[in-house]
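Thanks for coming, everyone. Please pull up the structure, and we will walk through it together.

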Amino acid sequence: MSSTAAGALSDVQPRDEDGLPAPSRTRRRRLFGIVVGVILTPVVCAAMWPVTFDSREELFEIPKGTWARRMAGEKREILPSEIHLLVGIRNVLMLKNSDDVPQIFGPTLLMPGQSLRIPFTRPSENYFACTAHASGQLIVVVEATPIWPWNRLSWRVRGMLRRLSGP
Amino acid sequence: MKKTLLVGALLLPLAALGAYFAFRRSPRAEEGLRCGTFEPAREAPAFSLDGSDGKKLSLRDHLGKVVILEFGFTFCDEVCPVTLGHLTEVYKKLGSAASDVHLIFVTVDPERDSPERLREHLAAFNPSFLGATGTPGELGAVQKAYGVVAKQVVSRNPAQGYAVEHSSSLYLIDRQGKLRGLVPFGTPADDIVHDLELLLRKGS
């Protein structure tokens with residue numbers, strides 16, 4: 001009698017608190033594998049994928065009509081207070097004044113249509129006096145090219161955090 | 001099976017890394033000036049100030065020479081002495097060509113930088129360095145024309161009373177009087193020498 005009852009019990013599928021069939025161990029493992037895969041794949045890709053850019057130049061441009069818009073009361077930041085560059089692959093800061101009037105842009109005065117191209121060849125932190133920023137400073141951080149997977153991952157994470165934290 | 005997967009998992013990243021190094025584009029050598037370049041080059045804003053040699057110092061008088069323009073003050077204990085020391089090294093590296101390069105040090109502190117003080121201070125680095133001073137109005141106009149920022153702040157050295165926070169870049173003016181380059185603070189001496197030699201060759 002008891003053996004029959006035990007046999008009947010062993011055939012019963014385990015159920016969770018809501019009475020629904022509980023996932024089997026294999027299904028749980030599979031689910032765990034998928035979750036780990038979903039998390040790890042972008043991490044591994046971010047670490048392995050080489051850092052490349054279409055151009056070495058990081059361009060910041062004062063669009064035409066900026067002065068007129070500022071005079072009308074519009075406040076718009078064109079140049080972030082901190083710019084990040086990478087030696088060898090994204091190492092040129094390009095400032096262009098496409099407005100109709102001379103403008104203090106970054107470290108200098110640019111005439112209408114004029115641009116200033118500054119290449120950086122070594123990792124460094126460069127401080128430029130700049131009246132366009134509340135702090136009075138423009139900082140150009142030049143980092144070494146991230147060659148190793150860990151460096152690439154860390155560079156991408158830092159870039160993402162900077163973008164999330166805003167200008 | 002497990003072994004094959006393990007070997008594959010180890011080899012795949014190595015292969016990817018190898019492929020990256022094999023196909024990555026090698027950094028192209030920079031052409032032209034190594035420092036900042038103005039495009040198109042414009043006429044360097046003219047000025048006429050009091051020179052440290054006791055004469056009137058006009059930018060026009062230096063046409064035919066390559067001019068390095070520095071904005072600073074003699075009481076500066078951080079940026080200016082480093083830059084002047086750097087330029088002394090640049091002059092040495094230029095050798096005889098240095099005679100065609102004129103350094104003009106425009107003060108941002110007219111209250112304390114008299115022509116005599118400028119002369120004494122600059123001579124400690126290189127006797128050929130020229131200082132320029134003037135009234136606050138004259139110097140303010142020159143700063144504005146070049147986009148130079150300068151403001152008085154409380155000095156960390158109480159004996160000095162005040163210091164001046166100012167733009168630390170150098171300006172390069174070619175033999176024709178065109179404002180060609182901007183040299184950020186800390187640029188290696190060799191890069192400055194490279195750019196000066198380029199400007200000297202272009203106008204000779």
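Let's begin with the lining of the largest cavity. By class, that lining has one nonpolar, one polar and four charged residues. This is a predicted model, by the way. Which residues line the largest cavity? They are Thr66(A), Arg69(A), Arg70(A), Glu74(A), Arg76(A) and Ile78(A). The nonpolar one is Ile78(A), because Ile counts as nonpolar. The polar one is Thr66(A), because Thr falls among the others in that scheme. The space in this cavity is about 50 Å³. How many cavities of 30 Å³ or more does a search of the whole structure find? The search finds one.

Now the pockets. The largest pocket has a volume of about 1000 Å³. It is lined by 44 residues. Closest to its centre are Tyr127(A), Gln137(A), Val79(B), His166(B) and Ser168(B). So look at where the lining comes from, on both chains. Strand 7 of chain A, residues 124-129, supplies at least two lining residues. On chain B, strand 7 (150-154) and strand 8 (162-166) each do so too. Which element gives the most? That is strand 7 of chain A, with six residues. By class, the lining of the largest pocket has 20 nonpolar, 15 polar and nine charged residues.

Next, the second largest pocket. About 560 Å³ of space lies there. Its lining has 20 residues. Nearest the centre are Glu58(A), His84(A), Gly159(A), Arg162(A) and Arg163(A). Strand 1 (57-62), strand 2 (82-86) and helix 4 (149-164) of chain A each give two or more residues to this lining. Helix 4 of chain A has the largest share, six residues. By class, we get nine nonpolar, five polar and six charged residues.

Stay on helix 4 of chain A for a moment. Asn151(A) lies in this helix. Is Asn151(A) buried, exposed or partly exposed? Its relative accessible area is 31%, and partly exposed covers the range from 20% to 50%, so Asn151(A) is partly exposed. The C-alpha atoms of Asn151(A) and Arg90(A) are separated by 16 Å. Along the chain, those two are 61 residues apart.

Now two chain A residues that touch chain B. Take Leu109(A) to start. Leu109(A) sits in strand 5 of chain A, residues 108-110. Why does Leu109(A) count as buried? Its relative accessible area is 12%, and the cut-off for buried is under 20%. Setting aside residues up to four places away in sequence, Leu109(A) touches Pro102(A), Gln103(A), Ile104(A) and Gln114(A) on its own chain. Across on chain B, Leu109(A) touches Phe38(B), Arg42(B), Lys144(B), Ala145(B), Tyr146(B) and Gly147(B). For a sense of distance, the C-alpha atoms of Leu109(A) and Met160(A) are separated by 32 Å. They are 51 residues apart along the chain.

One of those contacts of Leu109(A) is Gln114(A). Where is Gln114(A) found? It is in the loop between strand 5 and strand 6 (115-119) of chain A. Its relative accessibility is 2%, so Gln114(A) counts as buried. Leaving out neighbours within four places in sequence, its contacts in chain A are Leu95(A), Lys96(A), Asn97(A) and Leu109(A). In chain B, Gln114(A) is in contact with Phe38(B), Glu39(B), Pro40(B), Ala41(B) and Arg42(B).

Over to chain B. Its secondary structure comes to five helices and 10 strands. Chain B has 204 residues, and 47% of them count as buried. The accessible surface is about 10400 Å², with 58% belonging to carbon and sulfur atoms. Of the chain B contacts with a separation of 6 or more, 72% are between residues 24 or more positions apart.

Then the largest nonpolar core. It has 73 residues. Those with the most contacts inside this core are Phe47(B) and Tyr146(B). Helix 5 of chain B, residues 189-203, gives the most to the core, with seven residues. Beyond four places in sequence, Phe47(B) touches residues including Leu57(B), Leu69(B), Ile104(B), Val142(B) and Tyr146(B).

One last stop, Thr83(B). This residue is in helix 2 of chain B, residues 79-94. Is Thr83(B) buried or exposed? Thr83(B) is at 7% relative accessibility, so it counts as buried. Not counting residues up to four places away, Thr83(B) touches Glu70(B), Leu170(B) and Phe185(B).

Conventions: Residues are numbered from 1 along each chain as its sequence is written. Chains are lettered from A and ligands numbered from 1 in the order in which they are written. This is a predicted model: local features need pLDDT of at least 70, side-chain atom pairs count only at pLDDT 80 or more; totals for chains, interfaces and linings use all residues. Side-chain values use heavy atoms; hydrogens and water are left out. Helices (H or I, at least four residues) and strands (E, at least two) are DSSP runs, numbered from the N terminus. Buried means under 20% relative accessible area, exposed over 50%, partly exposed in between (1.4 Å probe, protein chains only). Contact means heavy atoms within 4.5 Å. Accessible areas come from the Shrake-Rupley method with a 1.4 Å probe; for residues, only the protein chains shown count as cover. On a 1 Å grid over the protein atoms alone, a cavity is a set of points where a 1.4 Å probe fits but cannot get out, and a pocket is an open set with protein on both sides within 12 Å along at least five of seven lines; lining residues have an atom within 4 Å of a point. Grid points are joined across faces, edges and corners, and a volume is the space filled by probe spheres set on the points. A nonpolar core is a set of buried Ala, Val, Leu, Ile, Met, Phe, Trp, Tyr and Cys residues joined through side-chain atoms within 4.5 Å.
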